[in-house]
Amino acid sequence: MAIDNHKRKLLKSSAAALALSPWLTACSSSSLQREKAALVSCSRTANGHFSAVVADSNGYPIYSIPLPERGHGVAISPNGELGVAFARRPGNYMQLFNIETGKSYAITASSPDRYFYGHGVFSSDGMTLYTTEGERKTSQGIIGVYQLRDYQLIKVNEFSGFGIGPHEVIRVDDITLAIGVGGVHTDGRTPLNLESMQPALVYLSTESGEVVERVGLAEHKLSIRHLSQTHDGRVLCGQQYRGEPEDGVPLVAIHQRGGALIPLKAEPEEWLRFNHYIASIAVLGTHVVATSPRGNCYGVWDLEANQLTEIVSLVDASGVVVEQSGLNSPQWHISSGAGKVVNRTESGIVTSHQTNVMWDNHWNRIPLK
């Protein structure tokens, strides 16, 4: 009964957001919308409501899907048909929706003893969703395993025993997940174990739920948060530093299976520009872009030389995603919580424009059919 009451509350909040959402438009032609739809992100509105926004390749909104509370990450099915928006941690819901039409399906509320931690990823066939979750009392990490049935997400399994406070999860291949384990036990968003936290990058079998590899960092207060993957299979990790404000510690590291986590290089004063937090990471060719909303900037690294090449100021720098198809040259799309969208090629050609969307931390690219 507690779950039903909570679900009713979420649905009522979602209905209120629907009535006030300034970008929601009728879908007169789903095929026309599909041709334009390229990006998905959670967002905030000036009047205090929240939504997931489907946008074109320039970040201009096509329509929005109302959310009952602030969202964070979005998982997109491999065929580009479905999206799932996750509540910001410690979250109480995930919202399934149709990217092609903008239709919302049943909202999934967390159980009374669980939180959602803001991220999830679909299996390669699009029939299973893996989510990062945690026990409310202990912050022990859970990977929730959900089957997609008649446009509903049904929990069928849980994987556990890999650490405290997981955040982003990505699929590195058909049978392996990579998880950014933050290591932080929290009461709500208040950390309780900073002196004993044990962050790690963990690889998990999707078949058995067993840990197949685990690697940590020398600095135990570097909470591993956000992940990305290079074209040759290496995993990049963005961190949140939980130590002293004056410490300029590396906030991005890269991992080759079987090896150690190798920090990307920058001077301590350069790391301090990021204000101890990396929000999103995306790789294009041999370069990586990492954003920091708290630092109001993004950084560009040359992975071959392991060298920081540029730090660029951008107010509330949030999501970053790579577009490699279409009429444009391959490029990063970088978003801002103040609505600005920056397009940047690997050679450093930059264009930008303003949208009316207050973008949240992450952007996702919709796969082309």
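**Exercise 1. State how many bridges join strand β24 to β25, and place both strands in their sheet.**

Step 1. Strand β24 (residues 297–302) runs antiparallel to β25, and six bridges join them. Strands here are DSSP runs of E with at least two residues, helices are runs of H or I with at least four residues, and both are numbered from the N terminus. Two strands count as paired if DSSP finds at least two bridges between them.

Step 2. Within this pair, tryptophan 301 stands opposite leucine 308 in β25.

Step 3. The open sheet has four strands in the order β22-β23-β24-β25, with antiparallel pairing. Because β22 (281–284) and β25 (307–313) are edge strands with a single partner strand each, one side of each has no neighbour in the sheet. Neighbouring strands are turned by 20° against each other on average, direction ignored. Axes are lines fitted to C-alpha atoms, for helices over the stretch in contact, and angles run from 0 to 180 degrees between N-to-C directions.

The model is predicted: local features need pLDDT of at least 70 and side-chain atom pairs count only at pLDDT 80 or more, while totals for chains, interfaces and linings use all residues. Residues are numbered from 1 along each chain as its sequence is written, and side-chain values use heavy atoms, with hydrogens and water left out.

**Exercise 2. Find the strands at the edges of the sheet β12-β13-β16-β17.**

Step 1. Four strands make up this open sheet, and the pairing is antiparallel.

Step 2. The edges are β12 (166–173) and β17 (211–215); each has a single partner strand, so one side of each is left without a neighbour in the sheet. The twist averages 20° from one strand to the next.

Step 3. β17 pairs with strand β16 (residues 200–205) in the antiparallel sense over four bridges. Arginine 214 in β17 is the bridge partner of valine 202.

**Exercise 3. Decide whether histidine 167 is buried or exposed, and list its contacts.**

Step 1. Histidine 167 lies in strand β12.

Step 2. Its relative accessibility is 3%, so histidine 167 counts as buried. Buried means under 20% relative accessible area, exposed over 50%, and partly exposed in between (1.4 Å probe, protein chains only).

Step 3. Leaving aside neighbours within four places in sequence, histidine 167 is in contact (heavy atoms within 4.5 Å) with His72, Arg89, Tyr117, His119, Thr132, Gly180, Arg225 and His226.

Step 4. With arginine 225 there is a side-chain to side-chain polar contact at 3.4 Å. A polar contact is a pair of N or O atoms within 3.5 Å; within protein, one must be able to donate a hydrogen and the other to accept it, and residues adjacent in sequence count only if both atoms are side-chain atoms.

**Exercise 4. Explain why strand β19 is described as largely enclosed.**

Step 1. Seven of the seven residues of β19 (residues 235–241) are buried, so the rest of the structure largely encloses the strand.

Step 2. In a regular strand, side chains alternate between the two faces of the sheet. In β19, Val235, Cys237, Gln239 and Tyr241 are buried on one side, and Leu236, Gly238 and Gln240 on the other.

Step 3. Strand β18 (residues 222–229) runs antiparallel to β19 and is joined to it by seven bridges, with leucine 222 opposite tyrosine 241. The two strands form a hairpin with five residues between them, and glycine 233 in the turn has a positive phi of about 95°.

Step 4. β19 also pairs with strand β20 (residues 252–255), antiparallel over four bridges. Here leucine 236 stands opposite isoleucine 254.
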